[in-house]
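Got the model open in your viewer? Let's walk through it, one selection at a time.

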Amino acid sequence: VVSEAKDVEPRFLAHLFLGRVLEDAGRLDDATTHYRRALEIDPRSQSAGMALAHALRLAGEDTGARSVVQKAVSFAGQRGGRDWFWTYLTQSVSPDDLLTELRRQVDP
Amino acid sequence: MTARVAIAFLVALAGTPALPQVKTPVFQASVEAVYVDVFVNRDGEAVPGLTAANFELQDNDVRQSVEVVATELRPLRSLLVFDTSGSVVGERLQALRAAGDAFLQGLAPTVEAGLIGFSEEIAWLAPVSADKTGARQALARFQPLGTTAVYDALFATIALSEDAGRSVIVLFTDGEDNMSVLDAKQVMTATLRSNALVHAVGWVDAAPPPPPSATGAQSRVPPTLSSGGGPPPEPQHLFSLRKIAEATGGRFWTADSPERLRKAFAEIADAMGHRYVLRYEPQGVGREGWHRIEVKLKRQKGEVQARRGYWVAPPRGTAGPTEP
């Protein structure tokens, strides 16, 4: 469902959330894969950058984490205040709503 | 992002969550020698003149032989991390600028300092430099705007701080986090496994006086529920920042006035100037995993503050010890 969704915003959020679930489960390689996919969708997302950096530190990749944070911070002022995770928080979209939107895009 | 939201999403997506295969996280660290910053206070004043003979340090309950190292040999870089969200305005903003400027002016010329600002977005307002001019100028001109991502900001600062030596992170915020992708628990873990010393200052609006009774009669609210029945419990977000700061050996201050804010920053600067640096090479303990540190005073009275431990990563790809 996540990979087939057409709109990038719910796809971004889905990868971010899946990354967090996998991180909490200790599956750090899988978590970083999903965080990186979120960053591929929005390379300037600070939220995805912080999430990826945190998982990298848990995996012992401090240098990689620092590099990701440096890059995320370097985009300050260039996002126009946009990060889909921030939008998600302000709109109070429930996980069920997000999943419904993903399914709608895959099978309208 | 709360884990609850993310897990709810996964449950919705998959119907049944996959059983996780837990792999112990690993971390990089070096422990040929361990350095511990220690602050000793008695009646609110720093206690000077202590020697190694005045300290007893245990690493995972094993007493260690320590030496006191000159603080000049273990300089701490200062990173100011200031809330620049839209609520930091007026008197509060002026007070923050004044307190931060005084802090920067009080640093020794050789000590490097930098300034990071955060709302929902995190930005270097002034890069780390021994010349504090840039940081002072940035402090004077930043414009408050936006919401608050204090946990992301603290995590970013910790990650950025570890490229060279140790740092003291001085965090200021006036509000509850509402935009971070990371939560307090994640940042606590990152902090415990870092070398950073965190001091945090939280601006808390002074409690309003009890509403006057329209009839002039005494309030019927039971004393335990009224403002006169004791201090209100600490809000969760302040409690979390306090725990994070104290775990690193730092402290948490609350300020509800410009004077208290100035005093908090002055006390942080003063503490940094009166710290002891203990050095030891761990003996009789395993190398990897979480090392709980306990520092006590001998033949002296006083309150001791020090980091509560440090983390040594197992080799990559091995099943390591549990996290702190």
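Here is a tour of a predicted model, with stops in chain B, then chain A, then the places where the two touch.

**Stop 1: chain B as a whole.** Colour chain B by secondary structure and you'll get 7 helices and 15 strands. Of its 324 residues, 48% are buried. Now think about contacts between residues at least 6 apart in sequence: in chain B, 80% of them join residues at least 24 apart.

**Stop 2: the open sheet.** Select strands 6 to 11 of chain B. These 6 strands make an open sheet, ordered 8-7-6-9-10-11, with mixed pairing. Strand 8 (122–129) and strand 11 (252–255) of chain B are the edges: each has a single partner strand, so one side of each has no neighbour in the sheet. On average, neighbouring strands here are turned by 15° against each other, direction ignored.

Zoom in on strand 9 (residues 166–173) and strand 10 (residues 197–203) of chain B, a parallel pair joined by 6 bridges. If you want one bridge to click on, take T173(B), whose partner in strand 10 is G202(B).

**Stop 3: helices on that sheet.** Add helix 7 (residues 258–273) of chain B, which packs on the sheet and touches strands 6, 9, 10 and 11 of chain B. Its direction makes about 170° with that of strand 10 of chain B. Then show helix 2 (residues 90–106) of chain B, lying across strand 6 (76–83), strand 7 (113–118), strand 9 and strand 10 of chain B. Helix 2 of chain B runs at about 175° to strand 6 of chain B.

**Stop 4: strand 1 and its partners.** Which strands pair with strand 1 (residues 34–42) of chain B in the antiparallel sense? Strand 12 (residues 276–280) of chain B does so over 5 bridges, and Y35(B) stands opposite R279(B) there. Strand 14 (residues 303–306) of chain B does so over 4 bridges; look for V38(B) opposite A306(B). Strand 2 (residues 45–46) of chain B is joined to strand 1 of chain B by 2 bridges, with R42(B) opposite E45(B). The hairpin of strands 1 and 2 of chain B has 2 residues between the strands, and D43(B) takes a positive phi near 55°.

**Stop 5: a helix pair in chain A.** Hop over to helix 3 (residues 46–58) of chain A and helix 4 (residues 62–74) of chain A. They pack at an angle of about 170°, axes 8 Å apart, which makes helix 3 of chain A roughly antiparallel to helix 4 of chain A. Among the contacting residues are M50(A) and A53(A) from helix 3 of chain A, and V68(A) and V69(A) from helix 4 of chain A. By class, this contact has 9 nonpolar, 3 polar and 2 charged residues.

**Stop 6: across the chains.** Stay with V69(A). Beyond its neighbours within four places in sequence, V69(A) contacts M50(A) and A53(A), plus F155(B), A156(B), A159(B) and L160(B). Next, pick R66(A), also in helix 4 of chain A. Is R66(A) buried or exposed? Buried, with a relative accessible area of 15%. Leaving out residues up to four places away in sequence, R66(A) touches A159(B), L160(B), E162(B) and D163(B).

**Stop 7: the cores.** The largest nonpolar core has 60 residues; F12(A), L16(A), M50(A), V69(A) and F85(A) touch the most other members. Helix 4 (residues 150–161) of chain B supplies the largest share of this core, 9 residues. Apart from it there's another core of 34 residues, including L80(B), V111(B), F172(B) and L197(B).

Definitions and conventions:
Residues are numbered from 1 along each chain as its sequence is written. Chains are lettered from A and ligands numbered from 1 in the order in which they are written. This is a predicted model: local features need pLDDT of at least 70, side-chain atom pairs count only at pLDDT 80 or more; totals for chains, interfaces and linings use all residues. Side-chain values use heavy atoms; hydrogens and water are left out. Two strands pair if DSSP finds at least two bridges between them. Axes are lines fitted to C-alpha atoms, for helices over the stretch in contact, and angles run from 0 to 180 degrees between N-to-C directions. Contact means heavy atoms within 4.5 Å. A nonpolar core is a set of buried Ala, Val, Leu, Ile, Met, Phe, Trp, Tyr and Cys residues joined through side-chain atoms within 4.5 Å. Buried means under 20% relative accessible area, exposed over 50%, partly exposed in between (1.4 Å probe, protein chains only). Angles under 35 degrees count as roughly parallel, over 145 as roughly antiparallel, 65 to 115 as roughly perpendicular and the rest as oblique. Ala, Val, Leu, Ile, Met, Phe, Trp, Tyr, Cys and Pro count as nonpolar, Asp, Glu, Lys and Arg as charged, and the others, Gly among them, as polar.
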